[in-house]
Amino acid sequence: MITQNLKQLRHAIPEQVRLVCVSKFHSEEAILEAYNAGEKIFGESKVQELVAKQEKLPKDIEWHFIGHLQTNKIKFLIPFINLIHGVDTPKLLLEINNQAAKHQRVIDCLLQVHIASEDTKFGFSEHELLDFLRSDTWKSLQFVNIRGLMGMATFTNDELQVRKEFSGLKILFEKIKTEFPNHSQQFNVLSMGMSDDYKLAIEEGSTMVRIGSRIFGNRNY
Ligand SMILES: *Cc1c(COP(=O)(O)O)cnc(C)c1O
């Protein structure tokens with residue numbers, strides 16, 4: 001089933017868009033099936049679950065953390081993590097930098113922007129994000145590399161609204177590239193789009209989609 005799902009999905013996703021297989025709450029066997037079908041990027045949202053899976057699964061898997069990260073758990077990710085998607089405060093970025101310094105490892109991060117109408121979703125507002133980037137404090141952080149932005153659209157059937165939220169994030173992404181030309185080469189990841197809205201996200205300029213249930217089926221929480 002997983003192999004079949006991936007085959008269909010791969011047809012729908014342009015080659016230049018990267019696919020993060022969101023494997024949270026799914027078994028190592030399920031991940032291995034996707035891995036054997038050619039997938040190398042997996043996303044998890046719980047630190048303990050991620051660490052346990054990482055220890056057992058093939059070492060060439062690129063692991064992404066997509067959840068809400070608590071500062072006291074950062075240290076468990078630092079040795080192996082490839083990308084942290086949901087950095088939602090300056091404080092968290094600073095803490096990641098401090099922990100990463102201990103391992104002399106530069107950690108790729110995405111800043112999460114709050115684009116949805118629900119206030120349950122984390123992230124910088126556009127205003128906070130621009131203030132933070134203009135403050136320049138991030139430039140002295142040697143062990144984090146801000147690679148781009150991440151956003152989650154409102155959970156709604158209103159396509160127009162979802163599209164508007166994604167296109168707003170894309171505009172912000174381009175604006176930041178223009179305003180920080182020295183950083184724009186590394187600033188090239190726009191993580192948006194999940195199982196139900198990835199097509200809209202890609203049409204609006206996503207470079208990385210995070211897809212779980214469309215690959216692995218429903219999650220049993
Ligand atoms: C769970 C999760 C996903 C995947 O959701 P699906 O609807 O199953 O594709 C993507 N992004 C984040 C941040 C998630 O927590």
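This passage describes the nonpolar cores of a predicted model and two of its loop residues with positive phi. Because the model is predicted, local features need pLDDT of at least 70 and side-chain atom pairs count only at pLDDT 80 or more, whereas totals for chains, interfaces and linings use all residues. Residues are numbered from 1 along each chain as its sequence is written, and side-chain values use heavy atoms, with hydrogens and water left out.

A nonpolar core is taken as a set of buried Ala, Val, Leu, Ile, Met, Phe, Trp, Tyr and Cys residues joined through side-chain atoms within 4.5 Å, where buried means under 20% relative accessible area, exposed over 50% and partly exposed in between (1.4 Å probe, protein chains only). The largest such core has 66 residues, and Ile96 and Leu149 have the most contacts inside it. Its largest share, six residues, is contributed by helix α7 (residues 159-179); helices (H or I, at least four residues) and strands (E, at least two) are DSSP runs numbered from the N terminus. Another core, of seven residues, lies apart from it and includes Val20, Ile41 and Met208. Beyond its neighbours within four places in sequence, Leu149 is in contact (heavy atoms within 4.5 Å) with residues including Leu110, Leu129, Leu169, Phe173 and Ile176.

Most residues other than glycine have a negative phi. In Phe25, however, phi is positive, near 70°; Phe25 lies in the loop between β1 (18-22) and α2 (28-36), and counts as partly exposed because its relative accessibility is 31%. Asp136 likewise has a positive phi, of about 75°, and is found in the loop between α6 (126-135) and β6 (144-151), where a relative accessibility of 37% makes Asp136 partly exposed.
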